[in-house]
Amino acid sequence: MFSGRERFTSLFSLGTPLFSTASSDWYGGELRLLATPWKQHKLMLGLEHQMNSRHEQTLEDLTDPENKVVIPGSGSRQGAYAQDEWAISQSLTATLGLRVDRNNVTGTKRSPRAGLIWQATPATNIKALYGRAHRAPNALERDYDDEISQVANHKLNGETIDTLELVVDHRIGRNLLLRGSVYQWKMVGLVVLGMETVSDLAQYQSGEDVKSRGFELSADKTMHWGGRLRGSLTYQSTQFASGGDLPNSPHVMGKVNFSSPLANTGLFMGYEFQYYSKRETVVKGAYAGGYALSNLNLLTDKWFKGTEVSLGVYNLFNKHYAHPGADTNWQNALEQDGRQVRLKAVYTF
């Protein structure tokens, strides 16, 4: 069983001061059964139900409190799934599964999945994976309508993605894992923020189908003294079905993480380096430049009983960079924050 609630408030201006809220309440439960009725087969069956009893959005003009927009909403979703993990031999395992989901927005959707895992050698695993997933539009995308900045689209459909991936894992000794993968995914009905022709206001719409192909190389090294070094490099090409790159989709991405305890201090240090190549903007032929960022974190739960204290410095070297804007922005690229410092303390009792 589970339940949750979320509250959001925002104060901003579109020529006049506006106060916006979003409130959500939900509850539900999940029942899962694991069984081995036949030798070499592991079955999993499950049922889920979630009731979204409230998702309400409001917008109030602070210069005229009578001018208030209230957008109520509620909904539900149900899901059922089954999976069979079949040990075909000592070195070969197959997984077959099917999930069926139903919600009050997009109706019933089926999501098959399949996997084949071959332990080629004691140190090498090869995996072939296929899966499908669905996402229904959320309340902001489908229902929000203030006649100032955005209009609703009650006919908006959800997104569907099909993925194929081939993965090779190879372990060198006990402390080094190497991985290589090639993948392809296709998304149908990508939800995009566009312009509604009658009102000339922003509206979420079903866009073109999108296809991506790429590969990723990664390594994960642990040290006997508690340190860990991880890195990955990805190349991908993501394009619309009609041709042309998907905006804000870099071809090259890289990441390096290093973490280590700091001797005699009770501190644990983590450093992260990220790289993204240039990305095309919504203006054809224009690009937001590539960038590299560094983040540094220090954390301890040793100084005070029951308390975890952390200090994070993000964009450590104060790099200037920007993300591509949307059709609804007058800027072609949106400048991002410089160096940020965050001090956090969590007390558990």
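Two strands count as paired if DSSP finds at least two bridges between them. The exercises below apply this criterion, and others, to a predicted model.

**Exercise 1.** Determine how strand 9 is joined to strand 10 and to strand 8, and locate the residue with a positive phi in the hairpin of strand 9 and strand 10.

*Solution.*
1. Strand 9 covers residues 159-172, and strand 10 covers residues 176-188.
2. The two strands run antiparallel and are joined by 13 bridges; the pairing criterion is at least two bridges.
3. Within this pairing, Ile-161 of strand 9 stands opposite Met-187 of strand 10.
4. Three residues lie between the strands of this hairpin, and Gly-173 takes a positive phi near 70°.
5. Strand 9 also pairs with strand 8 (residues 124-135), in the antiparallel sense, over twelve bridges. Here Asp-169 of strand 9 stands opposite Asn-125.

**Exercise 2.** Trace the bridge partners of Met-269 in strand 15 and strand 19.

*Solution.*
1. Strand 16 (residues 267-276) is joined to strand 15 (residues 252-262) by ten bridges, and the two run antiparallel.
2. On the strand 15 side, Ser-260 stands opposite Met-269.
3. Strand 16 is also joined to strand 19 (residues 291-304) by nine bridges, again in an antiparallel arrangement.
4. On the strand 19 side, the bridge partner of Met-269 is Leu-298. Met-269 thus has Ser-260 as one partner and Leu-298 as another.
5. The hairpin of strand 15 and strand 16 has four residues between the strands, and Asn-264 takes a positive phi near 65°.

**Exercise 3.** Decide whether Glu-280 is buried or exposed, and describe its surroundings.

*Solution.*
1. Glu-280 lies in strand 17 (residues 279-280).
2. Its relative accessible area is 6%. Because buried means under 20%, Glu-280 is classed as buried.
3. Beyond its neighbours within four places in sequence, Glu-280 is in contact with Asp-245, Pro-247, Asn-248, Gly-285, Ala-286, Tyr-287 and Pro-324.
4. One of these residues, Gly-285, has its backbone nitrogen reached by the side chain of Glu-280 at 3.1 Å.
5. Leu-293 is 13 residues from Glu-280 along the chain, and the C-alpha atoms of the two are separated by 19 Å.

**Exercise 4.** Compile the polar and other contacts of Asn-103 and Gln-50.

*Solution.*
1. Asn-103 is found in strand 6 (residues 92-103).
2. The side chain of Asn-103 has a polar atom 2.8 Å from the backbone nitrogen of Val-105, and reaches the backbone nitrogen of Thr-106 at 2.7 Å.
3. Apart from neighbours within four places in sequence, Asn-103 is in contact with Ser-76, Arg-77 and Ala-136.
4. Gln-50, in strand 3 (residues 41-61), is buried, with a relative accessible area of 14%.
5. The side chain of Gln-50 makes a polar contact with that of Asn-52 at 2.7 Å.
6. Not counting residues up to four places away in sequence, Gln-50 touches Phe-2, Trp-26, Tyr-27, Gly-28, Ser-76 and Arg-77. Ser-76 and Arg-77 therefore appear in both contact lists, where contact means heavy atoms within 4.5 Å.

**Exercise 5.** Characterise the second largest pocket by volume and lining.

*Solution.*
1. The volume of this pocket is about 490 Å³.
2. Its lining comprises 15 residues, and Val-192, Leu-193, Leu-246, Pro-247 and Val-282 lie nearest the centre.
3. Strand 11 (residues 191-195) supplies the largest share of the lining, three residues.
4. By class, the lining holds nine nonpolar, four polar and two charged residues.

Methods. Residues are numbered from 1 along each chain as its sequence is written. This is a predicted model: local features need pLDDT of at least 70, side-chain atom pairs count only at pLDDT 80 or more; totals for chains, interfaces and linings use all residues. Side-chain values use heavy atoms; hydrogens and water are left out. On a 1 Å grid over the protein atoms alone, a cavity is a set of points where a 1.4 Å probe fits but cannot get out, and a pocket is an open set with protein on both sides within 12 Å along at least five of seven lines; lining residues have an atom within 4 Å of a point. Grid points are joined across faces, edges and corners, and a volume is the space filled by probe spheres set on the points. Ala, Val, Leu, Ile, Met, Phe, Trp, Tyr, Cys and Pro count as nonpolar, Asp, Glu, Lys and Arg as charged, and the others, Gly among them, as polar. Buried means under 20% relative accessible area, exposed over 50%, partly exposed in between (1.4 Å probe, protein chains only). A polar contact is a pair of N or O atoms within 3.5 Å; within protein, one must be able to donate a hydrogen and the other to accept it, and residues adjacent in sequence count only if both atoms are side-chain atoms.
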